[in-house]
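Open the structure in your viewer and get ready to select residues by number. This tour tells you where to click and what is there.

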Amino acid sequence: NKKAFIFDLDGVIVDTARYHYLAWQKIAQELNIDFTLEHNELLKGVSRVRSLDIILELGKVEASQEDKNRWLIQKNEEYLSYLVDMDQSEILPGVIAMLTFLKEKNQPIALGSASKNARPILEKTGIMQYFDVIVDGNDVTNAKPDPEVFLIAAKLLGAKPEDAIVFEDSVAGVQAANIGNMTSIGIGEETTLYEAKYIYPDFTHIDMSFIEGLINK
Ligand code: BG6
Ligand code: MG
């Protein structure tokens, strides 16, 4: 059986969710907006533009488009500064084992990310070759929880949505997979990701026999 395995990037494959948070926090601080880790959950999986809007809404700050554009550039520059020294060591535990297992089982693999920085991150961490298809923030118009990114990925892999399995660390991403009629696997905390069909704290907790079961379903 062939399914389609779709991986989110930030917070699933690499621990960049932390860097996005630090970079946004810097902007929030400058604007005197209280921005906590809990608020940050709202930003996970969400596009850069929408993230800024959410932060401004939190602080009830109204801003001109010019200011917004400046902050968006500033945020990305700050974020990119964290990526300069990125290498394979930043890949999250169990990810390579999962990708290797899926390859051995001849399963199509896609990246489905909201990030416009996805390709350089895959290159820096040396895992580009695992992905048959890459769909990122440059390819979509509707941000998660809209399922567009995953629907495009499944289509490019030649799979029906119901045969797609999505790994996600964000609430918006889990919702996108569910809305797209795909199997959602949340990577993270149950209290946050309870809408996912299955939830695991990280990839090392996923049994390969479980994945095998999904493949043969
Ligand atoms: C998502 C992250 O993967 O990509 C978000 O979870 C981020 O936090 C979004 O804002 C957009 O990323 P980028 O790299 O294009 O700013
Ligand atoms: Mg993510």
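Which residues does Val 166 touch, not counting residues up to four places away in sequence? Select Val 166 and look around it. Its contacts are Ile 6, Gly 112, Phe 150, Ala 177, Met 182, Thr 183, Ser 184 and Ile 185. Keep in mind throughout that this is a predicted model.

**Stop 1: the core**

Keep Val 166 selected. Now add Ile 6, Phe 150, Ala 154 and Ala 164. These five have the most contacts inside the largest nonpolar core, which has 57 residues. Helix H1, residues 16-30, gives the most to this core, with 7 residues. There is a general pattern behind such a cluster. In soluble globular proteins, nonpolar side chains tend to be buried together.

**Stop 2: H1 against H4**

Colour H1, then select helix H4, residues 65-83. The two axes come within 9 Å and cross at roughly 140 degrees. Are these helices parallel or oblique to each other? An angle over 145 degrees would count as roughly antiparallel. H1 and H4 are therefore oblique. The crossing of H1 with H4 is right-handed.

Now show the side chains where they meet. On the H1 side, pick Tyr 19, His 20, Leu 22, Ala 23, Trp 24, Lys 26 and Ile 27. On the H4 side, pick Trp 71, Gln 74, Lys 75, Glu 78, Tyr 79 and Tyr 82. Colour this contact by class. You have 8 nonpolar, 2 polar and 3 charged residues between H1 and H4.

**Stop 3: H3 against H4**

Leave H4 on screen and add helix H3, residues 48-58. The axes of H3 and H4 come within 10 Å, and they cross at roughly 110 degrees. Angles of 65 to 115 degrees count as roughly perpendicular, so H3 is roughly perpendicular to H4. This crossing is right-handed.

Which residues make the contact? From H3, select Arg 48, Val 49 and Leu 52. From H4, select Lys 68, Trp 71, Leu 72, Lys 75 and Asn 76. By class, the contact of H3 with H4 has 4 nonpolar, 1 polar and 3 charged residues. Trp 71 and Lys 75 also belong to the H4 side of the contact with H1.

**Stop 4: the loop after H3**

Go to Lys 60, in the loop between H3 and H4. Is Lys 60 buried or exposed? Lys 60 has 7 C-beta neighbours inside 10 Å, so it counts as exposed. Check its backbone too. Phi of Lys 60 is near 50 degrees, a positive value in a residue other than glycine. Why pause on that? Most residues other than glycine have a negative phi, and most peptide bonds are trans.

**Stop 5: a cis bond**

Jump to Pro 145, in the loop between strand E3 (133-135) and helix H7 (148-156). Look at the bond from Lys 144 to Pro 145. This peptide bond is cis, with omega about 15 degrees.

**Stop 6: another positive phi**

Select Asn 181, in the loop between helix H8 (171-179) and strand E5 (183-187). Asn 181 has a positive phi of about 70 degrees although it is not a glycine. There are 15 C-beta neighbours inside 10 Å, so Asn 181 counts as partly exposed. Leaving out residues up to four places away in sequence, Asn 181 touches Pro 161 and Glu 162. Try a distance label as well. The C-alpha atoms of Asn 181 and Pro 147 are 9.0 Å apart, with their positions 34 residues apart along the chain.

**Stop 7: a residue in H6**

Pick Arg 119 in helix H6, residues 118-124. Arg 119 is partly exposed, with 16 other C-beta atoms within 10 Å. Beyond its neighbours within four places in sequence, Arg 119 is in contact with Ile 134 and Asp 136. The C-alpha atoms of Arg 119 and Ile 134 are separated by 8.1 Å.

**Stop 8: a buried loop residue**

Finish at Val 12, in the loop between strand E1 (4-7) and H1. Is Val 12 buried or exposed? Val 12 is buried, with 28 other C-beta atoms within 10 Å. Not counting residues up to four places away, Val 12 touches Phe 7, Phe 167, Glu 168, Asp 169 and Ile 187. Label one last distance. Val 12 and Glu 168 are 156 residues apart along the chain, yet their C-alpha atoms are separated by 6.3 Å.

Technical notes. Residues numbered from 1 in each chain as written. Chains lettered and ligands numbered in written order. Predicted model: local features only at pLDDT ≥ 70, side-chain atom pairs only at ≥ 80, totals over all residues. Core = buried A, V, L, I, M, F, W, Y, C linked by C-beta atoms within 7 Å. Buried ≥ 20, exposed ≤ 12 C-beta atoms within 10 Å, placed from the backbone. Helix = DSSP H or I, 4+ residues; strand = E, 2+ residues; numbered from the N terminus. Contact = placed C-beta atoms within 7 Å. Axes fitted to C-alpha atoms, helices over the stretch in contact; angles between N-to-C directions. Parallel < 35°, antiparallel > 145°, perpendicular 65-115°, else oblique. Left-handed = near helix turned anticlockwise from the far one by under 90°. Nonpolar A, V, L, I, M, F, W, Y, C, P; charged D, E, K, R; others polar.
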